[in-house]
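Student: Hi! Could you walk me through this one? I'm new to it.

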Amino acid sequence: MVSLENLLLYVPLAGLLVMLPGPDFALITRISLAEGRGSGQAAACGVALGIMVHTSAAMLGISAVIAQSVTLFTLLRYAGAAYLFWMGLHALRAGREVTAAVVRHSGQDGEAQPVRGLRRRALRQGFLTNVLNPKAVVFFLTMLPQFLDPHAALWPQFLELGGIMALFCLGWYLLLAALLHRIRAIFARPAFQAWLHRLTGLIFIGFSFRLALEKI
C-alpha cells in the first residue's frame, strides 16, 4: 500500500492533472454536446480504461521498454498523432450527419435517443485517444515511481495509484458529461452543432500536429 504521506501529495496532483484540458477533454465535450450524456459518459469510461492500460504497462515494465526505444516511442507518437488527425477529419465531416440524428431522435425531454452503436463508438474513441497518447506513457513511467515505496511490493502500489487516477478521470468526465447535458438543449440548433464539430475537428488536428512535431 502507498503511504499516507505519499497519498497526500499524489491525490491533489492527480486531480489537477486530470482536470487540465487536452485531447480527452475535447473529445468528451464534443461527444456530450453532439450525441448526449450517455455517449459522453461512455467516452469517459473509455478514457478511464485507457489509464488502467497505461498503469498495467508501467507496472509490467512495458512502458520502460517503449520509452527507452526511440523506434517504439516514435511509432507510438505517430500512431497517436495519426489517430487524433483522423478524429479531427471525422469531426469535420460528421457534423451534418450527427446533427440530423440528434434532431430526428430527440425525445420530449430533449434527450437524444442513441443511434445504434453510438455509445460503443464513443467508448472506443475515449479508449484509443488515451491509450495512443505517448505523453501518458511518459507520465506513468516518470511520475508514479516517485510515490512508490521501493521496500514494499510494487504492483499493489502501481494499481492503487493508477486506480486513483482512473477514478478521478472517470468521476471528472462523468460530471463534465452531465453538466454539458444540462446546457445541451441551449446549443441543440443544427448551426451550433455544425460549428461545434468544425471547431473540435480543428482542435484535434492541432493536437495531432503538435504531438507529431514536438519532442517529448
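Tutor: Happy to! Keep in mind that this is a predicted model. A good place to start is the aromatic rings: searching the whole structure turns up three aromatic pairs.

Student: Nice. How are Tyr 10 and Phe 147 arranged as a pair?

Tutor: Tyr 10 and Phe 147 meet edge-to-face, with 5.2 Å centre to centre and 70° between the planes. This pair links distant parts of the chain, 137 residues apart. Tyr 10 belongs to helix α1 (residues 4-19), while Phe 147 lies in the loop between α7 (134-142) and α8 (154-184).

Student: Is Tyr 10 buried or exposed? And what about Phe 147?

Tutor: Tyr 10 is buried, at 0% relative accessibility. Phe 147 counts as buried too, at 9%.

Student: Okay, what about Phe 85 and Phe 209?

Tutor: Phe 85 and Phe 209 also form an edge-to-face pair, with centres 6.0 Å apart and 85° between the planes. Here Phe 85 in helix α5 (residues 70-104) is joined with Phe 209 in helix α9 (residues 190-213), 124 residues apart.

Student: How accessible are those two, Phe 85 and Phe 209?

Tutor: Phe 85 is partly exposed, with a relative accessible area of 32%. Phe 209 is partly exposed as well, at 47%.

Student: Switching topic: where does the charged end of Arg 77 sit?

Tutor: Over the ring of Tyr 78, 5.1 Å from the ring's centre.

Student: And how many disulfides are there?

Tutor: The count is zero. As for cysteines, Cys 45 is partly exposed at 34% relative accessible area, whereas Cys 169 is buried at 4%.

Notes. Residues are numbered from 1 along each chain as its sequence is written. This is a predicted model: local features need pLDDT of at least 70, side-chain atom pairs count only at pLDDT 80 or more; totals for chains, interfaces and linings use all residues. Side-chain values use heavy atoms; hydrogens and water are left out. A disulfide is a pair of cysteine sulfur atoms within 2.5 Å. Buried means under 20% relative accessible area, exposed over 50%, partly exposed in between (1.4 Å probe, protein chains only). Rings of Phe, Tyr and Trp (its six-membered ring) pair if their centres lie within 6.5 Å; planes under 30 degrees apart count as stacked, over 60 as edge-to-face and the rest as tilted. Helices (H or I, at least four residues) and strands (E, at least two) are DSSP runs, numbered from the N terminus. A charge sits over a ring if NZ of Lys or CZ of Arg is within 6 Å of the ring centre and within 35 degrees of the ring normal.
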